[in-house]
Structures are given as C-alpha cells and as structure tokens.
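Welcome! Let us learn to read a protein model together, one feature at a time.

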Amino acid sequence: MFLLGTLAVLTAVLALAPLYVVLPLTEQSATLLDLSLSVRHVSPLACLLLAATATAWFAIKWRKWTGRLRTAGVALLLVALSGAALTRINIVERIFPPADGAVLAEIARFVDVADTDIVIGVKMGVETRAYPVRFLAHHHMWNDKLGGVPILPNY
Amino acid sequence: MNFLMYDEETGSWWQQISGECLFGPLKGRKLTRIPSDEVTLATWRAEYPESTAVRFMGGIRYPKSDWEKRISTLPAAGGSKSRKDLPPRELVAGIEFNGASVGFPMEALRASGPVNHAVGGEPVLVVAGKDGNSVRSFFRRLGGNVLIFYKAPDTADFALVDEATGSRWDFSGRAIAGPLAGQQLERIQNTKDFWFDWQRYHPKTTVYRVGR
C-alpha cells in the first residue's frame, strides 16, 4: 500500500507541476520555470511507467486487501491513472486555443472590428497586412507568411 | 501580457517579449524582431489601402473593443520586486536603443503631444495618433540636423511642425509641406506594453515624465 501511495503521489506531482508554466498573473522565476518545463518534458513517459507499475502492483495485491484497504488501493490507482492520462492531454492548448481557420480580406471591405480598434500592421517587401489586436489577444499568435517571409504576429 | 510560445517542430519554448528560446533544443537562440505598427484600423487602411487584413474564424467569442479597459483593473504579476514608478497596468510605449530603454506612458503622450526625447543618446520623437491609441516613434536626425517637433497649432487634425523649418509632418513621419516636403523620418520600433511587464524585462528602463 505504501508503494502504491508513493506511485500515486509521484504521478500526481509530475502531472501537475508543469501547470506552473501557465499560472496566470504570477511572476515565475527562471529556475522554477526551467524545472517545470523539464518535468513537463519527461512527465508523459515517466507517468506512464509509474501508472503501469501501480497497476501491476494493484493486480498482485488486491486480493490480500480487504474492506477499506481495498477502497484506498482503488483510489490510489485511480490517482495514478488520471495523472498519466493528464500528461497525454495538452492542457495549455485547451486554455489558449490556437487559431485555426483564418482568411484574408481586402482592407477596404474589412469590417470585422471597429475603425477605432487597434491592429498590428506589418509591411514585408511590397505586402502589407493588418492583424486585429482583439483577435490576436485571444489566440495570442498566428503563424503567417508575408512577402514570402514566415512571420509570427503575436500579442 | 508576456507568455511562452512552443514550436512543434523542435519542441522548444520561446519567450514572447524577447523572442528568446528558454528551453528545448534551440535554447539560447533568438527570433528576429520585424518592424510592426500598433495603430487603429482606420489609420492603417488610410495609409495602406492595398493591405490585406486577417479574419479569424475561431467561431468563438472574441474580446470586445473595450477589452483593454476592462483588463486594466486586473491584478498584475510582479510582486514586491516591481518598480513603483507607474501603476502596474499603465500602458507605455517602450523603446530600446543602444542598450538603453525608456518607457513613454501613453497617458503622457496623449496629454503632451509630440515628445522630443532621447534613447541611448539618440534623439527620438514619440507621438500618439489623433485617436490617442495609435503610437509611433521616429529618429529625429535628418541629414546632419536634429529636428524638434511641435503639434501644429492651426488644426484639430494630426499635424506636426518642426522648429527649424516650420515644415508640416504627418503621422507616418513624412513632411507634407514646407522646405522639407517629401522627406521621411526613419522609424524606430516601439513596443506598447503594460508597465509591470516592461519594467520586468527592462530593469534599467527610465520613464519619460512631462516637463523633464
């Protein structure tokens, strides 16, 4: 039971620590950010191994555990499995939806935002393009190509 | 305002404000900043009638026009280390040059008209558009001379005059009348940012104050 508990806690920590990257309105320190990104890097594989070990351990032991002990075992196994599942979901992408499907319009006919709204204006060679800040502020960035150059307008 | 960006090709993480890679295979590399403008749709359309605009079709509710006003009351990151020169969510037009940086509060730019200042020893002009939200910056050196700009007193529209020749200049930095007609000021990039964010990434920044 102690082993199962340790595995569950480890999985949870590895799955949740990367959320430090997206903590809003807090000042993240460079060291902790680095640590958190490192954890995020290894957590999908690490959590999978931990959860697999937890499952195997539970399969071996569950017959011996009875009553509340068995309930606790199931709960801990569930924690480990959810942790592993969590690392397979790109949470960041769910919080900040990437823009998909954007089309170009002639500026003369562009009425999606008000005349007084701010746009990011870019000129690359002979091509010019306006990126409304209201849209960019939601998606934060848009991978684009202007005047033959790949650019990343962001806000 | 500041965030990290992730590229799927190499799995690297990039800082928005600097374009620097903080984590991953490309750590230490830096994206090249391209010149960009922060102006109203009307201003951009008038200056670049051949421009395209990007319509985002996310099918979701985008923030409204006044979103910037509404988020101005949100708490800001920074904590006790933050400098208290300005309120955290005050918008500044920040300029970096020659290793120096200066934040020009939008409030001051709206109130005082064109600002003749220097960044890193180089004379610059920072000016808000007629709408009060567009902002552009220029080098004041033209040929061998350093120009000083004032708001044209005889019009409610946007126009600047320079002290030496009395030529008139528009918001794109072009002289439209007078002895210097046809001349173009060179742009210097400004970054509109909240004070809490600007001071975090430019710890040695000074702040422009009216009358100094």
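The dialogue below covers a helix, a core and some aromatic rings.

Q: What should I know before I start?
A: This is a predicted model, where local features need pLDDT of at least 70, side-chain atom pairs count only at pLDDT 80 or more, and totals for chains, interfaces and linings use all residues. Residues are numbered from 1 along each chain as its sequence is written, chains are lettered from A and ligands numbered from 1 in the order in which they are written, and side-chain values use heavy atoms, leaving out hydrogens and water.

Q: Which residues of H1(A) are buried?
A: An α-helix has 3.6 residues a turn, so residues three or four places apart point the same way. Helices are DSSP runs of H or I with at least four residues, strands runs of E with at least two, numbered from the N terminus. In H1(A), the buried residues (under 20% relative accessible area, 1.4 Å probe, protein chains only) include Leu4(A), Leu7(A), Ala8(A) and Thr11(A).

Q: How are the rings of Phe135(A) and Phe56(B) arranged?
A: A pair of aromatic rings is described by the distance of the centres and the angle of the planes. Rings of Phe, Tyr and Trp (its six-membered ring) pair if their centres lie within 6.5 Å; planes under 30 degrees apart count as stacked, over 60 as edge-to-face and the rest as tilted. Here the centres are 5.7 Å apart and the planes at 70 degrees, so the pair is edge-to-face. This pair crosses between chains, from helix H5 of chain A to strand E5 of chain B. Both Phe135(A) and Phe56(B) are buried, and with Trp142(A) they form one aromatic cluster.

Q: Which pair is tilted?
A: Phe58(A) and Trp65(A) form a tilted pair, 6.1 Å centre to centre with 55 degrees between the planes.

Terms used: Buried means under 20% relative accessible area, exposed over 50%, partly exposed in between (1.4 Å probe, protein chains only).
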